[in-house]
Amino acid sequence: NQTLEYVYTPNYSKNYNINTHSLKKTLSVLKAHRTKSEFGLFSSNQPFLTTFYNWLVLDNLTISEKKIDYIESIFYSNENKFEEKTIKKIKNTNRENLNVPPSDSTKIDSDTILIQKKDVTISALSTESTFDKTQNVWKSWIDLELKNNSKYLPFAEYETTFELPDGVWISDYYLNVGNKRAMGILSEKKAALWVYSNIRNENRDPGILYYQNGNKIVFKVFPFLKDEKRKTGFELIHKEPFVFNIDTMKLNLGDTTKNFDASYENAKLAYISAKDKQKLNKILRKPYFHFVVNSTNKAKIGSYKAKIDKFISQNPAMASSSKISFVNAYTKTINYNKNWENEFKNQNFEGGFFVDRAIKTILFNSYNSMQYNYPKIIIVSDELSKQIIESDFRDWAFCFPESELFYKLNENGSVSSYSLIENPEKVISDNANVMEEKTVLEFASNDGTKRFLADNKVGSIILKNDKIKINDEEIQFKDWKSGLLMQGKWMSLILNPNSNSRDWLELLKFSFKSNIMIPATSFLVVENEAQRAILKKKQSQVMASNQSYDIGNEAQRMSEPSFYIVAIIFITIIYFYRKRKGYYPN
């Protein structure tokens, strides 16, 4: 639990010291309890012990294999058994962790072929926007007809992603199952994904909407037979008219000729409309270099010192305000000075290059300080392939209004640029201009709170403090202000994931009450009452346990050898039963 807190729900202001020896033993036990024999029927451990352990330790849930691999990469990457092979395994499963469609066009799974979205496409689309005068907001339905254009006979799946602007939320969802319209159930996200995976393996009729990261939404419908058409749709609630993009289509939602005050502010947070943002002052904040130094190998100090000193000499004006973070399993930050390598030598050089934590800590401190300066994050490492990043940083976009870029310092003194919001491991430019400056918009609230917003043409949500409390009476059904409060609460949990678990549970309950999907919930269509019961049970388990626990891996069909084992046992029982009755001679 201490490790899960450090990795997934940390206090970014707290220093942690995990007992890695004890952790290794615990991970070994967890992996052993997950082990199955090659026949897939009998566990390598005593079944009662496994059940008891999962109940006592994990609240009848589990720690997924991916999560165990990720933890091992953080704390044991410098040991022989967890070298580059483990890091590559983590990176190869990142997309799966985020439920991103694979890059190949087909995926063969036992007797089912899943066709990617290029084969299942939108064949018809319509929209209807109505203005709710009681709230001064728009409610827009997007109705889609999807068609399987594939030549394959087996089942196909429609998958796509789309991005919503700040201040826009999904407030309803449906999928036609046969001749009936089934409305989506708003449920806890992990439970919904687990149920969707299991129903899909049975070739049933699920459809799902959920947040991937930031404001990016994943939308899936399954299954499609050859040439089959299916109808589905969802409702958006939004304050301003906007252009909605899905696949290759652009839809104008709302009426731009209708004028009203779209901005909103209360004691907890504010929403600044795209129009009102253009009235704010544009300013240039002063950047400073924040070096993130790979501190997993003491022998690299000479190489890193030469690169940093050369880079600083080329940009001397930045030296006085620069910072250095020494990063391995932990992060330690100091102000840059000429003797910084002495501090480097004092590091423990334990674990992996946990860049994910370092970047989030830098963004957390930058956001909370809200000074007229901001960090330009520069990675210093000879082996960028070994950096540990779980996913992108879309959820943190409000903390870097100037630019989504971070950089890696090259041998020749140049820098390569990477994106914080789109595949952080992919190089954008090998010779980036790290000194490029961008304006931001300065916002001062009614109570004097100052925040800095991205200089763009979309609305923005602003927290007046980094911890938001919501009262139950503030949440109403399909209410835009309720969506704003919940989104603000989610942003505060990004900054303070270590907050009381009650905050997370309250956020889930508020989402259910308002029927507005948030990053912690999902809209899911199921086919029958049995599936509803399973969803309810899994959701109850998740909500009663540590939010870092997992439900389990995707459902797997029982392997062929297991069937034969059952058959042999059954035949043996029948044989001895009939022999006792005297059917067979001695």
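A pocket is taken here as an open set of grid points with protein on both sides within 12 Å along at least five of seven lines, and its lining residues have an atom within 4 Å of a point. In the predicted model examined here, the second largest pocket is lined by 50 residues. Asp166, Asn215, Ala397, Asn456 and Val458 lie nearest the centre of this pocket, and the pocket volume is about 1,200 Å³. Elements that each supply at least two lining residues are strand 12 (242-246), helix 7 (274-277), strand 24 (450-454), strand 25 (460-463) and helix 11. By class, the lining of the second largest pocket divides into 26 nonpolar, 11 polar and 13 charged residues.

The protein chain that holds this pocket has 586 residues, of which 52% are buried. Its secondary structure amounts to 14 helices and 26 strands. Among contacts between residues at least 6 apart in sequence, 73% join residues at least 24 apart. The accessible surface of the chain is about 28,200 Å², and carbon and sulfur atoms account for 49% of this area.

Enclosed space was considered next. Rolling a probe the size of a water molecule over the atoms shows where empty space is left. The count is 3 cavities of 30 Å³ or more. The largest cavity contains about 160 Å³ of space. It is lined by 15 residues, and Tyr374, Pro375, Phe400, Ser403 and Leu405 are the closest to its centre. Helix 10 (355-369), strand 20 (373-380) and strand 21 (405-409) are the elements that give two or more residues to this lining. Strand 20 provides the largest share, 4 residues. The lining of the largest cavity comprises 10 nonpolar, 2 polar and 3 charged residues.

The second largest cavity has a volume of about 40 Å³. A run of lining residues, Leu164, Pro165, Asp166, Gly167, Val168 and Trp169, is joined there by Tyr211, Asn215, Ile461 and Gln487. Of these lining residues, 6 are nonpolar, 3 polar and 1 charged. Asp166 and Asn215 thus appear in the lining of the second largest cavity and also among the residues nearest the centre of the second largest pocket.

The largest nonpolar core has 126 residues, of which Phe75, Phe234 and Phe244 touch the most other members. Helix 11 (residues 480-495) gives the most to this core, with 9 residues. Beyond four places in sequence, phenylalanine 75 touches Thr3, Tyr6, Val7, Ile18, Thr20, Leu23, Ala329, Tyr330, Gly351 and Gly352. Apart from the largest core lies another, of 24 residues, including Ile324, Tyr336, Phe349 and Ile378.

Phenylalanine 326 was examined as a single site. This residue is placed in strand 18 (residues 323-327). Phenylalanine 326 counts as buried because its relative accessibility is 1%, where the cut-off for buried is under 20%. With neighbours within four places in sequence left aside, its contacts are Val293, Ser295, Thr331, Lys332, Ile334, Trp340, Glu343, Phe344 and Gln347. For one of these, glutamate 343, the separation from phenylalanine 326 is 17 residues in sequence and 8.7 Å in space, C-alpha to C-alpha.

Notes: Residues numbered from 1 in each chain as written. Predicted model: local features only at pLDDT ≥ 70, side-chain atom pairs only at ≥ 80, totals over all residues. Heavy atoms only, no water. 1 Å grid on protein atoms, 1.4 Å probe; cavity = no way out; pocket = protein on both sides within 12 Å on 5 of 7 lines; lining within 4 Å. Points joined across faces, edges and corners; volume = space filled by probe spheres on them. Nonpolar A, V, L, I, M, F, W, Y, C, P; charged D, E, K, R; others polar. Buried < 20%, exposed > 50% of the residue type's maximum accessible area, 1.4 Å probe, protein only. Contact = heavy atoms within 4.5 Å. Areas by Shrake-Rupley, 256 points an atom, 1.4 Å probe, with all protein chains shown as cover. Core = buried A, V, L, I, M, F, W, Y, C linked by side-chain atoms within 4.5 Å.
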